[in-house]
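Please work through the exercises below with the structure open beside you, and try each task before you read its solution.

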Amino acid sequence: MGSRRNALDVGMHGEPAENTLSPESQRVRDVYAHYGLAMYLAQNVERGLSMALALEGQSQHMTTWDYDARLAENYQNTFGGLVSKFIASPIGLSSGLSDRLKRASLQRNDLAHQYFWDRAIQFASSDGQLEMIAELKQIQDEFTALDDELGLIVDAFVKGRGDSVEDFHSRAELSLNAFLSGSQTPHNSESVPNRVEVIAAQVWSVNPDEPGNLVLISSEGRHLIPGERGICFGPTSIPVGVIPRTLLFDKAFPVQINPRPKTTAPWNYGIPLANGHVLRAETKPGLAPGQFRVWIQRPRKS
């Protein structure tokens, strides 16, 4: 997933022929450059763990918004926390990566917290500097190999969902940049109040002639979406290219709802609305992987 690229080679060896750095200064710079690359590769492993855990156990019946919510939650975890969570998961248990990930967690913590402190004497000699460079190269190789293997796990999940691997990685990169920059707020069903007032419903679609996504509107003007196990916060604004269409369910709203049904299975639940209307989420035999139904059921006629 991450790429080593050639940035380090350019940074260390891209100087003009008349480079005036002394051999000592060159070695010191090389240590810092290899240290920076090792930290970059550790972040790639961290991202790979976040992506694998967001998909793990959810090969079907998960919307893009649900994936983003899981991904955002993982981005807020620590490297060690992600490793522990992955190792305890079914995919982690079968991956054969447990020992290597535990070692990677120790290496990453050493790099982040005490690497130069613990090697202060070593860093003061030319032989010690060369030893540090060799050590950092070995760590880089281990992080790169782990990142590659996590990438294969993620790609297998994506292909199993019937999705495009290229489109998935492009979307994940956009989500990562949005979350880290603060321009996008993670939506999480646990963040929705235990009782929330819904005043309207819309359908959002790219093509008005095709089915779209059901979106509820709260009394605060927030967008709410049916998620895997209940109501989640949706996008803070209507995405570019999406056309909203108001649904005529006047008698179903306004209503105070519990966003998380007490009895529920993934994508199979009902949430009571006003005047006998019910918000339904349902998977059915015969639907293709990743397909589900979400709709507002009108009152049954007696």
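**Exercises on charged side chains**

Arginine 293 has a relative accessible area of 36% and is therefore partly exposed, in a model that is predicted.

**Exercise 1.** Find the salt bridge that joins glutamate 282 and arginine 293, and state where each partner lies.

*Solution.* We begin with the distance, which is 3.7 Å from N to O, and a salt bridge requires these atoms to be within 4 Å. Next we place the partners: glutamate 282 belongs to strand 8 (residues 278–282) and arginine 293 to strand 9 (residues 293–297), so the pair ties together parts that are 11 residues apart in sequence. Finally, glutamate 282 is partly exposed, at 26% relative accessibility.

**Exercise 2.** Decide whether arginine 119 is buried or exposed, and describe its salt bridge with glutamate 135.

*Solution.* The relative accessible area of arginine 119 is 12%, and because buried means under 20%, arginine 119 is buried. In the salt bridge between arginine 119 and glutamate 135, the closest N and O atoms are 3.1 Å apart. Arginine 119 sits in the loop between helix 7 (115–118) and helix 8 (120–123), while glutamate 135 is in helix 9, so the pair ties together parts 16 residues apart in sequence. As a last step, we note that Asp110, Arg119 and Glu135 are linked in a network of salt bridges.

**Exercise 3.** Which residues does arginine 27 touch, leaving aside residues up to four places away in sequence?

*Solution.* We first locate arginine 27 in helix 2 (residues 23–55), where its relative accessibility of 19% makes it count as buried. The residues that arginine 27 touches are Ser126, Gln129, Leu130 and Ile133.

Key. Residues are numbered from 1 along each chain as its sequence is written. This is a predicted model: local features need pLDDT of at least 70, side-chain atom pairs count only at pLDDT 80 or more; totals for chains, interfaces and linings use all residues. Side-chain values use heavy atoms; hydrogens and water are left out. Helices (H or I, at least four residues) and strands (E, at least two) are DSSP runs, numbered from the N terminus. Buried means under 20% relative accessible area, exposed over 50%, partly exposed in between (1.4 Å probe, protein chains only). Contact means heavy atoms within 4.5 Å. A salt bridge is a side-chain nitrogen of Lys or Arg within 4 Å of a carboxyl oxygen of Asp or Glu.
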